[in-house]
Amino acid sequence: MYQYDQYDQTLVDERVAQFRDQTRRFLSGELTEDQFRPLRLMNGLYIQTHAPMLRVAIPYGLLSSRQLRMLGHIARQYDQGYGHFTTRQNIQYNWPKLEAVPDILAELATVQMHAIQTSGNCIRNTTSDHLAGVAADELEDPRPWCEIIRQWSTLHPEFAFLPRKFKIAVSGAAADRAATQVHDIGLHLVKNAQGEVGFEVLVGGGLGRTPVIGQTIRPFLETQHLLSYLEAILRVYNLFGRRDNKYKARIKILVKETGIEPFTRLVEAEWEQIRDEMRLADKEIERVKAFFAAREYDAAAAADTSFAERQAADPAFAAWVRHNTAGHKVDGYRAAFVSLKAPGIAPGDITDAQMEAVADLADQYSRGEIRVTHTQNLLLADVKQGDLHALWRQLSALNLATANIGKATDMICCPGLDFCSLANSSSIPVALDIAARLDNADYLYDLGDVRINISGCMNGCGHHTVGHIGILGVDKKGEEWFQLTLGGSSSNDAFLGERLGPAVPKAEVGTTVETILKTYVDLREGEESFLETVRRLGIAPFQETVYANH
Amino acid sequence: MQIIKDGAIVNDDIRHLADDEAPAAGRFTVSFERWQAEKAGLAAAGVRLRGEHAVADIAADLPRLELVVVEFPALADGRGFSHARLLRDRYGYAGEVRALGGFIRDQVYFLSRVGVNAFEPAAGTDLQALLPALGEFTVNYQAAADHKQPAYHRR
């Protein structure tokens, strides 16, 4: 993975000093709350329901074991012993003390981490495919490009006060595991007719109040022009994006109101002016790529026979392998998920002790690296098949081996009213209730791949719009109600879910989801997945069963 | 009155004329709108741009302008950052680019990077306290108006 040199380290150290001074000025009364707000937000610090919330950046979701140990240390030392992984592959702490935040940032800087631009109206953490570098369907590893974007966007002086926040995702594989179509900019590594690798550039996607699927602004961009093209899009957005209404300020609204063709012409005209001077040097591309170069793999790994024997002998291990591991480009290796969706645990939450234990397991079995997935799980990407049984046993002892990845209980869920001051409903109890109703493993597996996404408010941090089943908390005269949508997806077949009908009270969300899943089981044909059934039949049969008694 | 210019606190006698104010003796700036309407007969030293204006619309006039003022009605309006950058990088403007109004200390470093070399903050701001902000960082990843080459060329 990328390693800081003196430039990276100096910048992060100076940022810590700057924030320490800003915090000091606020606490001493030199800065008002209004003046301090944009400054703390630029460093991922929110004032929430119970305490400040600190969001720490995990660039494209990649962590070293040393970094994960530090995250565990911070959870124990400065928080209440746990952290929460988010859909942007970051981690959030819910209970730090404001005056301790400069010290937390200083500790993070010692392991090449920071909280820069994890909030505020600026370019946020660039996200990517959790299987980057090991996926069999990958054209090229997207992470070097993510790192190049990270450096370009970090403290970019022109784009720190955009109309609204700005999110970029990069995918290098055939299957889109980075939700690139629902980002402000989505980049997809593709090959042109000449066999050269470049980017398909999408713009104007996004979730939140006005969900939109991104549109292609350039079908093929030579890689050397990546930063100039991004800079052109950002400059057009910075100058012309709406600033009169924060709910209409995202780039998706600008693209929609301008029209994709006129918008494209604006960007291309700007790009013409800067493309030559901003051309990426080959030397720099090679320098960054070297940090992610293919590893040495053990050619003997595939010869191991214990893997097959243990699956045959132990159905629980076999189920975990089937559901919680993914294929690897190298024979004899698999990528193993660390499920953060155990029954009774808030989705994405992990304790200090679990973080330290996973760091140890990463050292032992997976080159000391851990990835965070945008579905709020962790992943060990390079595990020999012969090691999987031992890994599974240790993960099981840590309550991190619930065999449910991609299944209905692997829900994406925002922190909701329990923590977030924006929310108008508590999403976590809803997720826990649904999971408790699906505790029969045979039934869960029979349902196949089902993505249930829950947001506590229309800001959509739980990506409800692109859930196969989306659940959105709404406030009705001071009571929590939930709006359901069906058929959404953030993958290659990106689609915004269709509203099922009137919202249901909180107490009925669990039974409603049960009814929807039962309806699927009754109506599916052959091996048809939940999403395929919804796409074939539409939502009408689900409306009939859900609202039959209303 | 005092402002920060080229890293130092200096006296400044320039007046920012309101649109209904008659040009007086001495140096003054006018609004973008007034410049567009009256520029032929106006001996203004500078023009004041706001976020909604386009730098391109005064590009031809830049040789006769001693300064261009980029107004910040509120700290969150970041359009002025692009205006300053375009003045320097696109149009090669070498005169004074002055940030005026509602920007805050913590934007000073970014403003200096996009080409602002003079700072006239809201009345009552302690200029001495703003000065250290100009040097808060010693490294920058990306090219801007101050460094034409990104950091990676020095690696």
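Domain bounds here come from an automatic or database domain assignment. The model is predicted. On those bounds, chain A is divided into domain 1 (6-109), domain 2 (134-291), domain 3 (299-397) and domain 4 (412-546). Colour chain A by these ranges before going on.

**Stop 1: domains 2 and 3**

Select domain 2 and domain 3 of chain A. Their C-alpha centres lie 33 Å apart. Where they touch, the contact takes five residues from domain 2 and seven residues from domain 3. On the domain 2 side of this contact, the residues divide into five nonpolar, no polar and no charged.

**Stop 2: Ala136(A)**

Next, select Ala136(A), in the loop between strand S6 (127-128) and H5 of chain A. Is Ala136(A) buried or exposed? Ala136(A) counts as exposed because it has 12 C-beta neighbours inside 10 Å, and a residue with 12 or fewer is classed that way. Leaving aside residues up to four places away in sequence, Ala136(A) touches Gly327(A) and Lys329(A). For a distance check, pick Leu361(A): its C-alpha atom is separated by 24 Å from that of Ala136(A), and the two residues are 225 residues apart along the chain.

**Stop 3: the five-stranded sheet**

From the loop, step back to S6(A). Five strands of chain A form an open sheet in the order S6-S7-S8-S9-S10, with mixed pairing. The edge strands are S6 and strand S10 (215-222), each of which pairs on one side only. Show the backbone of S6(A) with that of strand S7 (residues 168-171) of chain A: the two run parallel and are joined by two bridges. To find the register, select Thr127(A), whose bridge partner in S7(A) is Ala169(A).

Strands of a sheet pair through backbone hydrogen bonds, either parallel or antiparallel. The next stop has antiparallel examples.

**Stop 4: strand S12**

Select residues 333-338 of chain A, which make up strand S12. How many of its six residues are buried? Six of six are, and the strand is mostly covered. In a regular strand the side chains alternate between the two faces of the sheet. Show the side chains of S12(A) and sort them by side. Tyr333(A), Ala335(A) and Phe337(A) lie on one side, with Arg334(A), Ala336(A) and Val338(A) on the other, and both faces are covered.

Now add the neighbours of S12(A). Strand S11 (residues 325-327) of chain A pairs with S12(A) in the antiparallel sense over three bridges. Ala326(A) stands opposite Ala335(A) of S12(A). The two strands form a hairpin with five residues between them, and Gly332(A) in the turn has a positive phi of about 95°. S12(A) is also joined to strand S15 (residues 378-384) of chain A by five bridges, running antiparallel. To locate this pairing, select Arg334(A) and its bridge partner in S15(A), Val383(A).

**Stop 5: the S18-S19 hairpin**

Move to strand S18 (residues 469-476) and strand S19 (residues 479-486) of chain A, which run antiparallel and are joined by eight bridges. At one of the paired positions, Ile469(A) stands opposite Leu486(A) of S19(A). The turn of this hairpin has two residues between the strands, and Lys477(A) in the turn has a positive phi of about 50°.

Which other strands pair with S19(A)? Strand S21 (residues 504-505) of chain A runs antiparallel to S19(A) and is joined to it by two bridges, with Trp481(A) opposite Pro505(A). Strand S20 (residues 498-499) of chain A is likewise antiparallel to S19(A), with two bridges. There, Thr485(A) has Arg499(A) as its bridge partner.

**Stop 6: helix H4**

Select helix H4 (residues 101-109) of chain A and show Val101(A), Ile104(A), Leu105(A) and Leu108(A), which are buried. Turn the view to look down the helix axis: the buried residues of H4(A) fall within an arc of 95°, so they line one face of the helix. The elements covering them include H1, strand S1 (45-47), strand S2 (52-56) and helix H3 (65-78) of chain A.

**Stop 7: where chain A meets chain B**

Finally, show both chains. Their contact takes 28 residues from chain A and 25 residues from chain B. On the chain A side, the elements that give two or more residues are helix H1 (6-27), helix H2 (33-41), helix H5 (143-153), helix H6 (226-240) and helix H9 (282-291). H1(A) supplies the largest share of that side, six residues. The chain A residues in the contact divide into 12 nonpolar, nine polar and seven charged.

Terms used
Residues numbered from 1 in each chain as written. Chains lettered and ligands numbered in written order. Predicted model: local features only at pLDDT ≥ 70, side-chain atom pairs only at ≥ 80, totals over all residues. Contact = placed C-beta atoms within 7 Å. Helix = DSSP H or I, 4+ residues; strand = E, 2+ residues; numbered from the N terminus. Nonpolar A, V, L, I, M, F, W, Y, C, P; charged D, E, K, R; others polar. Buried ≥ 20, exposed ≤ 12 C-beta atoms within 10 Å, placed from the backbone. Pairing = 2+ DSSP bridges. Arc of directions from axis to C-beta.
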